[in-house]
Amino acid sequence: LVYASRRNTEADRAGVPEDIAEAVLHPLPARAVALVYSPDTAFLVRHAMLVEGERPDVTIVPVPFLPYPGTTNALLGRDEDLLPLVRDYLAHGEARIEQIAALATTRPVRMEIDPHNVLAMVPYLVPRGPLAEVRGEPTTLASVRGVAAAHFGAMDALATAMQSESNGGADVKSSEYVLWRNYNDAVFYAARGARPEARNSLRRAMARAPEAAELLGLREALNAPGEGPVEVRPFVVG
């Protein structure tokens, strides 16, 4: 049992979790609010903040855990600005776009792109590494494409850091994290109409899951003649 437990938790004890937490937390502006949707991301960054004391100036909203007892009280005790957002999540299971955009006009807001939010939030997001910047008003395609190189550079830097660890970031959990981020980026860029950037993200995802039906379907849609946004609903997981 000890051997099996040690083997199964090897990825959590390697340097990769710290690399991911740093990639998420380090670029955040002061007083930022970051909405994270992946439970793994929530655990990693909250451990870095609560146990290791990283970035006490920012607020992480662990969206999957908002219904859990005590979570919203602790969150609002730390940051009163989040009251309208939290009310929306508890009442409707998600926050209204207007509430998130309104918060982004007064505070830096970042969001983890996820199937739960990508379709509604496409007009307001600009990917910037593991998290996307939320704008207070709809973006232009040019603004999204203008920072795409920096976004891919941040993701490449994270991949390089992961590969330099003892296990090379080759464990299942680490690989799934990178795959999930690239997949969601591909969906976002396709829905936004940034087709070259969508193909770039898709290639990265398919390098890890070449037989995934959603990725194959999205590739076919992106390879079809035409310009502009792609209908991505058939390829959104869950």
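In the predicted model, Met111 stands opposite Ala132 in strand E5, a position that belongs to the pairing of E3 with E5, in which two bridges join strands that run antiparallel. Strand E5, comprising residues 131-134, also pairs with strand E4, residues 125-128, again in the antiparallel sense and over four bridges. Within this second pairing, Leu125 is placed opposite Val134 of E5, while the bridge partner of Arg128 in E5 is Leu131. The two strands E4 and E5 form a hairpin with two residues between them, and Gly129, located in the turn, adopts a positive phi of about 80°.

These strands are part of an open sheet of five strands, whose order is E2-E1-E3-E5-E4 and whose pairing is mixed. The edges of the sheet are occupied by E2 and E4, each of which has a single partner strand, so that one side of each is left without a neighbour in the sheet. On average, and with direction ignored, neighbouring strands of this sheet are turned by 30° against each other. A parallel component of the mixed arrangement is supplied by E1, residues 33-36, and E3, residues 109-111, which pair in the parallel sense over three bridges; in this pairing, Arg110 of E3 is the bridge partner of Ala34.

Helices H4 and H7 both pack on the sheet. Helix H4 touches E1 and E2, and its direction makes about 150° with that of E2. Helix H7 touches E1, E3 and E5, and its direction makes about 135° with that of E3. Strand E1 is therefore contacted by H4 as well as by H7, and the cut-off for such a contact is heavy atoms within 4.5 Å.

Aromatic pairs were also examined, and the structure holds five of them. One of these is formed by Phe43 and Phe65, whose rings are tilted, with 5.2 Å centre to centre and 45° between the planes. Since Phe43 lies in helix H4 (residues 39-50) and Phe65 in the loop between strand E2 (59-62) and helix H5 (71-78), the pair ties together parts that are 22 residues apart in sequence.

Helix H7, residues 97-104, also packs with helix H6, residues 83-92, at an angle of about 160° and with the axes 10 Å apart. H6 and H7 are therefore roughly antiparallel to each other, given that angles over 145 degrees are assigned to that class, and their crossing is left-handed. On the side of H6 the contact is made by Pro84, Leu85, Asp88 and Tyr89, and on the side of H7 by Gln99, Ile100 and Leu103. Classified by residue type, the contact of H6 with H7 divides into five nonpolar residues, one polar and one charged.

Further along the chain, helix H11 (residues 172-192) takes part in two helix packings, one with H13 and one with H10. With helix H13, residues 213-223, H11 packs at an angle of about 30°, the axes being 11 Å apart. The helices H11 and H13 are therefore roughly parallel to each other, the limit for this class being angles under 35 degrees, and the crossing of H11 and H13 is left-handed. The contact involves Leu179, Tyr183, Ala186, Val187 and Ala190 of H11, together with Glu214, Leu215, Leu218 and Leu222 of H13. Among the residues of this contact of H11 with H13, eight are nonpolar, none is polar and one is charged.

With helix H10, residues 148-163, H11 packs at an angle of about 170°, with the axes 11 Å apart, and H10 and H11 are therefore roughly antiparallel to each other. This contact is made by Ala148, His151, Phe152, Met155, Leu158 and Met162 of H10, and by Ser174, Tyr177, Val178, Arg181, Asp185 and Tyr189 of H11. The residues of the contact of H10 with H11 divide into eight nonpolar, two polar and two charged.

Notes. Residues are numbered from 1 along each chain as its sequence is written. This is a predicted model: local features need pLDDT of at least 70, side-chain atom pairs count only at pLDDT 80 or more; totals for chains, interfaces and linings use all residues. Side-chain values use heavy atoms; hydrogens and water are left out. Axes are lines fitted to C-alpha atoms, for helices over the stretch in contact, and angles run from 0 to 180 degrees between N-to-C directions. Angles under 35 degrees count as roughly parallel, over 145 as roughly antiparallel, 65 to 115 as roughly perpendicular and the rest as oblique. A crossing is left-handed if the near helix is turned anticlockwise from the far one by less than a right angle, and right-handed if clockwise. Ala, Val, Leu, Ile, Met, Phe, Trp, Tyr, Cys and Pro count as nonpolar, Asp, Glu, Lys and Arg as charged, and the others, Gly among them, as polar. Two strands pair if DSSP finds at least two bridges between them. Rings of Phe, Tyr and Trp (its six-membered ring) pair if their centres lie within 6.5 Å; planes under 30 degrees apart count as stacked, over 60 as edge-to-face and the rest as tilted.
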